[in-house]
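Work through these short exercises with the model in view. Try each task before you read its solution.

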Amino acid sequence: MKRKAWATVVGAAAMLAANAAMAQELDWHVGLGLASELDGRGPFDFGGSADAENAGALFAGARWGSGFGVEAAYVDLGRLRHSAVADAGYDVDGELWSVGATYSIRLDAIEPYAKLGWFSREEDGVAISI
């Protein structure tokens, strides 16, 4: 019974927030991001530096006049390879998805914001051993 009451309260709050949000102006944003090599995410440390590709990100979001908004993002973590002694090493490829609620503060030239939400990171690859 508690769950049903909790779900009713959350549903009512979401409907009230949606009505208030629809009455406000809506701003959209999209963006691209680039990061240098993420070579520290490998499964093993054989010493030396792994051969890593640069990471890239694509994100899009909307913000209402109150400062609250939503954002979704995709990040390609790039491929990571390392060959150690003889046949040992690894070959990993990864990506990350996120979606969340945002809150921004309007300043003159920039609008910093905080994001709270969910993300899923997937790494797929092969570890090579002797």
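**Exercise 1. Place isoleucine 105, and decide how exposed this residue is.**

Step 1. Isoleucine 105 sits in the loop between E5 and strand E6 (113-128). Strands (E, at least two residues) and helices (H or I, at least four) are DSSP runs, numbered from the N terminus.

Step 2. The relative accessible area of isoleucine 105 is 49%. Buried means under 20%, exposed over 50%, and partly exposed in between (1.4 Å probe, protein chains only). Therefore isoleucine 105 counts as partly exposed.

Note on the source: this is a predicted model, where local features need pLDDT of at least 70, side-chain atom pairs count only at pLDDT 80 or more, and totals for chains, interfaces and linings use all residues. Residues are numbered from 1 along each chain as its sequence is written, and side-chain values use heavy atoms, with hydrogens and water left out.

**Exercise 2. Find the aromatic pairs and classify them.**

Step 1. Searching the whole structure gives 2 aromatic pairs. Rings of Phe, Tyr and Trp (its six-membered ring) pair if their centres lie within 6.5 Å; planes under 30 degrees apart are stacked, over 60 edge-to-face, and the rest tilted.

Step 2. Take phenylalanine 68 and tyrosine 103: 4.8 Å centre to centre, with 55° between the planes. This pair is tilted. Phenylalanine 68 is in strand E4 (residues 68-83) and tyrosine 103 in strand E5 (residues 89-104), 35 residues apart.

Step 3. Take tyrosine 74 and tryptophan 97. Their ring centres are 4.7 Å apart and their planes at 50°, so this pair is tilted. Tyrosine 74 belongs to strand E4 and tryptophan 97 to strand E5, so the pair ties together parts 23 residues apart in sequence.

Step 4. Check accessibility. Tyrosine 103 is partly exposed at 37%. Tyrosine 74 is partly exposed at 25%. Tryptophan 97 is partly exposed at 45%.

**Exercise 3. Which residues line the largest pocket?**

Step 1. A pocket is defined on a 1 Å grid over the protein atoms alone: an open set of points where a 1.4 Å probe fits, with protein on both sides within 12 Å along at least five of seven lines. Lining residues have an atom within 4 Å of a point.

Step 2. The lining consists of Asp27, Trp28, His29, Phe59, Arg63, Thr102, Ser104, Glu111 and Tyr113.

Step 3. Strand E1 (26-37), strand E3 (54-64) and E5 each give two or more residues. The largest share, 3 residues, comes from E1.
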